[in-house]
There are 2 protein chains.
Amino acid sequence: MTRTPLGDVACSIARATDLFADAWTALIMRDVLTGVTRFDDLAHDLGISRKVLAARLARLVREDVLVREQYQERPPREDYRATEKGKDLYPVLLALMNWGDRWYPGTAGPPARVQHLTCGHDTSAVSACARCGDPLTVDNTTQFPGPGGRTGPGTRVLGPLLASRQPK
Amino acid sequence: MTRTPLGDVACSIARATDLFADAWTALIMRDVLTGVTRFDDLAHDLGISRKVLAARLARLVREDVLVREQYQERPPREDYRATEKGKDLYPVLLALMNWGDRWYPGTAGPPARVQHLTCGHDTSAVSACARCGDPLTVDNTTQFPGPGGRTGPGTRVLGPLLASRQPK
DNA sequence: GATCTTAGATTCCTTTAGAAAACTTAGCAT
DNA sequence: ATGCTAAGTTTTCTAAAGGAATCTAAGATC
C-alpha cells in the first residue's frame, strides 16, 4: 500500500496515528488494558487473524507499548502487558469511546460502563484544561506552532495550524 | 484488503475507530478544525493523493462529520466544515496529540501549542472524570459491560471487559 | 507414545489502498 | 479565444494488508 510514512513529520497527531491508526491496534489496546492479555484470547475475542495479531503485537512490543511477560513457569507461557507508554494511551481510548457512545448509540445504551474507583461513580471522560480544569473544545482553544514546529531542514511540515482563512 | 467490518460491533471504540482509524482521517480532521478547509489546501498540506482525499472527504460527509459549504458565490466554491459531530472529535485529537508529545518528543519540543481562550494559558488536555474532575487512568478505573453490551441476537461481542484474569 | 494446550510462523491467495499524473468541468479574467 | 483557478475524476501500476488454513515447538497430561 506504500503508506506515506508519517512518523517523522512535525506533528504529534501524525506521530501518534502512525502507530495507532489501523483497524486493530486500538481494539488490542482496549483488550490488553481491560485484562485480555493472551494471544489466543485476543485472537478469539477480536476475530482477528492470527497472522495479523502476531504482527500487531510484535510492533507494539517493538514500540515499547506492550511487553511480553511470563505469567506461569511450567509450562512457560507469556502474555502481553501494557507498559507505561501503553497505559498512557487510555485517554485516547476513553475519548474514542465517548465519541462512539455519543454518536453511534446502540439500541440499548452504551456497551460499556467506566467506573472511577477514586470517587466511586460511573463516569465518562471529559477533555479538561490542565491549567484551569474547564473543558477544552474547538471553539475555546487556538492552536499555534510550538517550538518543535516547522523547524529544521528536512523536517516536513504538516498543517499550518492557522487561524480561519478568509475568503478572498 | 477486506477489512473486517467493525461498525456493527458492540463496542463504541470499534464503532469510532471504524471511521477514524486510517492514516489520513485524523490528520484531515486536525486540518479542518484548525482552519484548513479547502480541497487543494488539504491536498498540498497533507501530501495526500487527490483521489484518496476525495474519498475520505466523501466518507466524512456521508457520516455527517463534515459538511460541504459554499464559501464564495462567484465563482461558486465550496469547502469542508466540521459539524458538531466533527467538532466532537477534538478531544480524540487532543488525546492523540498529548500522547505523541509525551512519547515521541521532537528535538525542539512539541510541534504545536494549544491555548485555552477561556483561561488564557497554553495548556494540554487531561482526561478527567465527568463526576469529580480528577484524572482518569487505567489504574483508577474499572470497566463493566453496560446496558448495550453483549445483548441482542446477532450482535457480535467484542471484549469480555473482564477484570484481570488470574493465572491458573 | 499419543494427544492437548498455547503461542506463534508459514504459505497461498485475493483485494484494495494508495501514489502519480493526466484529464475534466465551470466560471471568471484578459 | 485563451488561460487560470478550484475542485475534483480517471487511469495505471504496485505493494501490501488481510483472511484462511496448515504447520511447528515445548511442555503437560493421560
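Colleague: Which residue in β4(B) stands opposite B:V114?

Modeller: In this predicted model, B:V114 stands opposite B:T123 in β4(B). The strands β3(B) and β4(B) run antiparallel and are joined by 2 bridges.

Colleague: And how many residues are between β3(B) and β4(B) in the hairpin?

Modeller: There are 5 residues between the two strands of that hairpin. In the turn, B:G120 has a positive phi of about 85 degrees.

Colleague: Back to B:V114. Which side chains of β3(B) point to one face with B:V114, and are they buried or not?

Modeller: B:A112, B:V114 and B:H116 point to one face, and these side chains are buried. B:R113 and B:Q115 point to the other face and are not buried. In general, side chains of a regular strand alternate between the two faces of the sheet.

Colleague: What is the strand order in the open sheet that holds β3(B)?

Modeller: The order is β6(A)-β3(B)-β4(B), an open sheet of 3 strands with antiparallel pairing. At the edges stand β6 (141-145) of chain A and β4 (122-123) of chain B; each has a single partner strand, so one side of each is left without a neighbour in the sheet.

Colleague: Over how many bridges do β6(A) and β3 of chain B pair?

Modeller: Over 5 bridges, in the antiparallel sense, with β3 of chain B covering residues 112-116. As examples, A:T142 has B:Q115 as its bridge partner, and A:T141 stands opposite B:H116.

Colleague: Then what is the order of the open sheet with β3(A) in it?

Modeller: That sheet has 3 strands in the order β4(A)-β3(A)-β6(B), again with antiparallel pairing. Its edge strands are β4 (122-123) of chain A and β6 (141-145) of chain B, each pairing on one side only. Strand β3 (residues 112-116) of chain A pairs with β4(A) over 2 bridges in the antiparallel sense. In β4(A), the bridge partner of A:Q115 is A:D122.

Colleague: What about β5(A): in which sense does it pair with strand β5 of chain B?

Modeller: β5(A) and strand β5 (residues 125-129) of chain B pair in the antiparallel sense, over 5 bridges. In that pairing, A:C129 has B:A125 as its bridge partner in β5(B).

Colleague: Changing topic, then: what turn lays chain B on chain A?

Modeller: A turn of 180 degrees, with a shift of 0.0 Å along the axis, lays chain B on chain A with an RMSD of 0.0 Å. That is the relation of a two-fold axis. In chain B, the C-alpha nearest the axis belongs to B:A21, at 2.2 Å from it.

Colleague: How many residues of chain B are in contact with chain A?

Modeller: 96 residues of chain B are in contact with 96 residues of chain A. On the chain B side, helix α6 (residues 90-103) gives the most, with 14 residues. The residues on this side divide into 51 nonpolar, 30 polar and 15 charged.

Colleague: Why do you say the copies meet through the same surface?

Modeller: Because 99% of the interface residues of chain B are also interface residues in chain A.

Colleague: Where is the cis peptide bond in chain B, and what is omega?

Modeller: The cis bond joins B:R74 and B:P75, with omega about -5 degrees. B:P75 lies in the loop between β1 (66-72) and β2 (77-82) of chain B.

Colleague: What is the phi of A:D64?

Modeller: A:D64 has a positive phi of about 65 degrees although it is not a glycine. Most residues other than glycine have a negative phi. A:D64 is found in the loop between α4 (50-62) and β1 (66-72) of chain A.

Colleague: And does A:D64 count as buried or exposed?

Modeller: A:D64 counts as exposed, because it has 12 C-beta neighbours inside 10 Å and the cut-off for exposed is 12 or fewer. In chain B, B:D64 also has a positive phi of about 65 degrees and counts as exposed, with 12 C-beta neighbours inside 10 Å.

Colleague: Last topic, confidence. What is the mean pLDDT of chain A?

Modeller: The mean is 83, and 82% of the residues of chain A reach 70 or more. Among the elements of chain A, strand β5 (residues 125-129) has the highest mean pLDDT, 98, and β6(A) the lowest, 88.

Colleague: Over which residues of chain A is the pLDDT below 50?

Modeller: Over residues 150-168. Beyond near neighbours in sequence, this stretch has 36 contacts in the model. Where pLDDT is low, the predicted coordinates should not be read in detail.

How values were computed: Residues are numbered from 1 along each chain as its sequence is written. Chains are lettered from A and ligands numbered from 1 in the order in which they are written. This is a predicted model: local features need pLDDT of at least 70, side-chain atom pairs count only at pLDDT 80 or more; totals for chains, interfaces and linings use all residues. Copies are superposed by least squares on the C-alpha atoms of residues with pLDDT of at least 70 in both. Two residues are in contact if their C-beta atoms, placed from the backbone, lie within 7 Å. Two strands pair if DSSP finds at least two bridges between them. Helices (H or I, at least four residues) and strands (E, at least two) are DSSP runs, numbered from the N terminus. pLDDT is the predictor's confidence in each residue, from 0 to 100. A residue is buried if 20 or more other C-beta atoms lie within 10 Å of its own, exposed if 12 or fewer, and partly exposed in between; C-beta atoms are placed from the backbone. Ala, Val, Leu, Ile, Met, Phe, Trp, Tyr, Cys and Pro count as nonpolar, Asp, Glu, Lys and Arg as charged, and the others, Gly among them, as polar.
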